[in-house]
Structure formats: C-alpha cells, structure tokens
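Hello,

Here is the structure I promised to pass on to you. Please open it first, and then read my notes alongside it.

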Amino acid sequence: MKTMQLFPDTKIILSIGGLHVTWYAVLILTGVLAAYFLAQNTMKKWGYSKTILEDYVIPMMALSIIGARLYYVIFEWDFYSAHPDQIIAIWNGGLAIYGGLIVGVLYSIYYFKRQRISALRMADCIMPGVMVAQAFGRWGNFMNQEAFGKVVPESYYALFPSFIKDQMYIQGAYREPTFLYESAGNILGFLFIYFIFRKRFYKRRGDCAFMYCIWYGVLRFLVEGLRTDSLMIGAFRVSQLVSLAIVLFGIFGLSGLLHKAFHWNQKPAILFDLDGTLQDSQHLVFETFKEVFRIRKPEHQLSQEELYSFFGPTLEETFLKYFKKEELDDVIALYQKINIKLHDTLLKPMPNAFETVSTLHEQGYKMAVVSNKRIGIVKMGLKAIHLEPYFDVVLGKEQLPEPKPSPSGLLEACNLLKVGHDDVIYVGDNVTDIVCAKNMAAYSVGFSNDDRQLEQQKQAHPCKQITDLRELIELCKEERAWSDNTIW
C-alpha cells in the first residue's frame with residue numbers, strides 16, 4: 001500500500017508513493033488561473049465568448065512551460081548534456097520566464113489570428129495578468145530555493161517572517177531574497193498597469209503590453225544583476241540582454257513607431273442605426289404613434305416627452321406600457337399598416353447621409369445597418385432614401401439574437417461582414433445605441449443635430465459626439481484603436 005504524506009519537505013505538498021505534488025507546480029498553476037480569470041473578466045466586457053480563452057489557455061500554458069524549460073536547458077547544456085534524464089524533471093525547478101514568454105507570444109499570435117481577433121488587443125487584455133502569474137511563480141522559486149542573491153548576514157532577516165528566513169538559508173549561508181524583489185515588483189507593475197496606466201495613459205492598441213515590456217524588462221534587469229544563479233552567455237547574463245531588448249521593444253511600441261512600421265492600425269467596420277441616424281423618421285414615427293392612439297386609446301393624449309421616449313425601444317417594449325399583452329399583436333399590426341401608408345410621404349434622409357455613406361463606401365469601409373425595427377421596414381426605408389446598395393449587411397429585429405441594447409446584433413453584423421469586432425464604430429442617435437456599443441466595448445458615436453438629444457446622449461458617455469454625419473469621414477482617418485478604451 002502506498003504511503004501518503006502531507007508536507008514531507010519544503011518543496012512538496014503531498015506525496016503518495018513516488019507521486020509528488022510540489023509547491024512549484026501548484027504556485028505556477030495558481031498564477032496562471034489568476035491571470036486567466038482577470039483576462040476572462042475583461043473579455044466578457046468586450047463581448048467575447050468565454051470559450052475563446054478556454055480553448056486558448058491550456059495549449060498556451062503547456063507550450064509556454066516547454067519553451068521555459070528548453071530556454072533553461074539550452075543555457076545550462078553543460079549540465080544537462082551530462083544528465084539527459086534531468087531534462088524533463090521540471091519539478092526540480094529550472095523554468096526560464098523569458099523562454100515561456102517567447103513561446104507564449106508566438107502561439108498567441110497564431111491562435112488569435114485564426115480567431116480573427118487582434119493579437120495586440122488580446123495582449124492588452126492578458127499581459128497585466130501575466131505579471132500576477134509571474135509573482136506567484138517566483139514563490140515557486142522560493143520553495144525550490146532558487147532565484148536567490150548574494151550572501152547576507154542573519155540580521156538582514158530581522159524583520160522578515162521566520163519561514164522566509166529559514167527557506168533562504170541556502171548552501172550554508174543566508175541569501176538575498178531576489179525572488180521576493182521580483183515578485184513584489186510584478187505586483188506593483190500589475191497594479192500600475194491595471195488600475196492607472198490603462199485608464200489614464202492608454203492611447204494605441206497594444207500599449208498595455210508595451211508598458212508590461214518596459215516595466216518587467218527594467219525590473220528583471222535590476223533583479224538579475226543581484227542574482228548569483230543567472231544563466232550566462234560568456235561574461236553576460238542572458239536575462240539582462242533579453243531585458244534590454246524587451247525594454248527597447250516596449251519603448252518603440254509606446255512611441256507609435258511600431259504601429260507605423262508594421263501598419264498595425266486597422267480600418268474600422270462601420271455599423272449604423274437607422275432611425276434618427278440615416279433617415280429622419282421622427283415626423284413619420286410621431287404621426288404613426290399619434291394615429292394608433294387616436295384609434296386604440298383615444299382618451300390618452302401623448303406628450304412630447306412620451307413621443308421622444310419611443311425612439312430606441314422595440315415596439316413590443318413601448319406598447320406594453322399602454323396595452324395588455326394580448327392586445328400587442330393587433331396594436332403592432334395597426335402601427336405597421338399606418339407606418340407603411342405614411343412612409344413615402346413623411347420619411348426623408350438625414351442631412352448629408354447619402355454623401356457620407358457613399359464616400360465611406362468608395363473608401364473601402366465595410367458597413368452594415370443594425371436596427372430594432374422589423375427588417376421589411378428597415379429595407380423599405382433604406383430604399384426610400386437611396387442607401388440600400390451601400391450596405392453589405394442589413395439586420396432588423398428578426399435577425400437580432402436579442403434587441404438593442406444587447407450587442408448581439410452588432411456582433412452578428414461583424415460575423416456576417418467577416419470581420420472581428422476589435423475595430424468597430426457604431427453610430428446611433430439615442431442612449432440605447434450608445435449603451436449597445438458599450439456592451440461590447442465598440443467605439444460609440446452619438447449623432448444628432450438636436451441639442452436636447454445630444455444632452456441625453458452625454459449621460460451614456462459616448463466615445464464621440466457629432467452633429468453632422470460628414471464628420472465621420474474625417475474621424476475614420478484617425479490612427480487609433482476603434483474600441484471604447486474606458487471599458488476594461
């Protein structure tokens with residue numbers, strides 16, 4: 001019968017016969033899980049399915065561990081060439097973070113490209129959490145008594161907990177806890193990037209990843225200079241050389257030079273609401289509702305406030321406030337009948353809608369219309385204002401998995417356009433449209449030439465407000481990330 005032991009030594013948590021569960025493995029796994037859940041939280045806000053990261057994390061982790069081990073073995077080949085049986089013994093330590101990062105980045109680029117997702121955006125999402133994973137990983141080094149510094153006097157540990165002092169007694173002397181310096185530096189870096197940098201200083205896609213490169217590169221360069229067990233190439237510490245390269249890469253990235261050199265800025269897909277955005281249907285909608293109420297509820301006089309509130313919600317949501325559920329089908333059928341009758345007389349395009357849409361089409365932008373109105377009415381309206389030929393995708397109520405403000409219709413439009421949703425502008429005239437865009441962190445543009453409506457839009461904090469559709473033409477030329485950078 002196999003003997004089970006808890007904490008048989010400082011490296012092992014559980015031992016069953018020849019099977020060992022080590023602190024090193026548990027701490028690394030804990031760090032990966034922490035990074036995963038942090039990234040998954042952001043991905044949800046950006047409108048991504050949780051399966052994207054679920055399918056990514058296990059192969060990425062496996063490949064990164066292989067990369068970290070190979071990196072370490074290559075630079076310690078004198079030992080491993082003589083002890084080939086130890087090459088796979090990662091439970092004894094010997095994972096080089098930079099090796100894992102290199103392989104992890106290469107796999108990430110491959111994986112997210114296949115998913116039609118911006119690898120730079122995913123780097124912004126994932127890399128702050130990587131610092132948490134690295135902080136946990138350094139405590140794995142602590143349990144293995146590695147990643148330590150020079151000999152220090154016992155008095156150095158006067159203010160440290162005894163378990164740290166005892167574990168840092170290595171090779172007959174107390175050693176400087178360089179693992180702790182790096183772990184603490186990683187936590188500080190995470191807090192800075194996660195809570196300050198990305199909310200105040202973020203400008204371009206990839207900036208969080210570039211800031212990670214600078215922070216961690218400087219931290220690792222400094223800590224590596226204190227270690228006595230560094231991997232070497234000649235007289236140089238390998239990790240310090242790699243750190244310098246990573247810092248330079250981060251600086252070039254934050255400056256925007258890499259975006260220009262590699263043409264990383266993407267053209268956005270442009271999605272439009274219909275009513276109040278491309279077509280001026282206010283008079284048509286007001287008169288239709290008034291006529292419905294004259295026939296079905298003559299005792300109720302609609303106020304201007306009520307009429308304005310009808311823009312955005314579905315007909316079902318609107319009429320449920322005034323009629324019983326069993327009356328809905330008849331009331332909506334009456335609304336549609338009256339609306340069609342008045343359609344060609346009262347509907348008109350918004351000022352400069354044709355010029356704007358046709359110009360953007362000529363410039364090669366992919367465009368779609370996403371509306372809560374029924375598809376027949378949507379297509380009839382586009383045809384009436386001569387904009388139907390310019391849209392690759394047109395979605396009405398029947399095609400939306402859920403009505404706005406759910407972003408599902410915008411996501412479906414991106415899918416049909418065969419584009420990712422990392423760079424998307426959604427243009428709408430009411431708060432529902434802006435909230436819809438924010439629910440997938442798209443770049444929201446509030447459009448109106450009505451001061452009252454513009455004031456209402458401000459409550460939802462759109463990324464941009466315009467009073468003339470032609471402003472879109474110049475806006476789209478900006479070199480930026482076409483997403484809501486306030487949503488993390």
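I begin with the cysteines, keeping in mind that this model is predicted. The sulfur of Cys213 lies 11 Å from the closest cysteine sulfur, which belongs to Cys208, and that is too far for a bond, because a disulfide needs the two sulfur atoms within 2.5 Å. Cys213 is also buried, with a relative accessible area of 12%. Cys414 is likewise in no disulfide, since the nearest cysteine sulfur, that of Cys436, is 11 Å away, and Cys414 counts as buried at 2% relative accessibility. In fact, a search of the whole structure finds zero disulfides.

The next topic is the nonpolar interior. The largest nonpolar core has 49 residues, and those with the most contacts inside it are Trp46, Tyr56, Phe112, Met122, Ile126 and Tyr212. Several helices each supply at least two residues of this core, namely H1 (23–45), H2 (51–75), H4 (97–114), H5 (119–143), H7 (178–200), H8 (207–224) and H9 (238–255), and the largest share, nine residues, comes from H8.

If you would like one residue to look at on screen, I suggest Phe112, which touches Ile52, Tyr56, Ile117, Ala119, Met122 and Ile126 when residues up to four places away in sequence are not counted. Apart from the largest core lies another one, of 31 residues, and among them are Ile270, Val445, Leu472 and Ile473.

As background, nonpolar side chains tend to be buried together in soluble globular proteins.

Best wishes

Notes
Residues are numbered from 1 along each chain as its sequence is written. This is a predicted model: local features need pLDDT of at least 70, side-chain atom pairs count only at pLDDT 80 or more; totals for chains, interfaces and linings use all residues. Side-chain values use heavy atoms; hydrogens and water are left out. Buried means under 20% relative accessible area, exposed over 50%, partly exposed in between (1.4 Å probe, protein chains only). A nonpolar core is a set of buried Ala, Val, Leu, Ile, Met, Phe, Trp, Tyr and Cys residues joined through side-chain atoms within 4.5 Å. Helices (H or I, at least four residues) and strands (E, at least two) are DSSP runs, numbered from the N terminus. Contact means heavy atoms within 4.5 Å.
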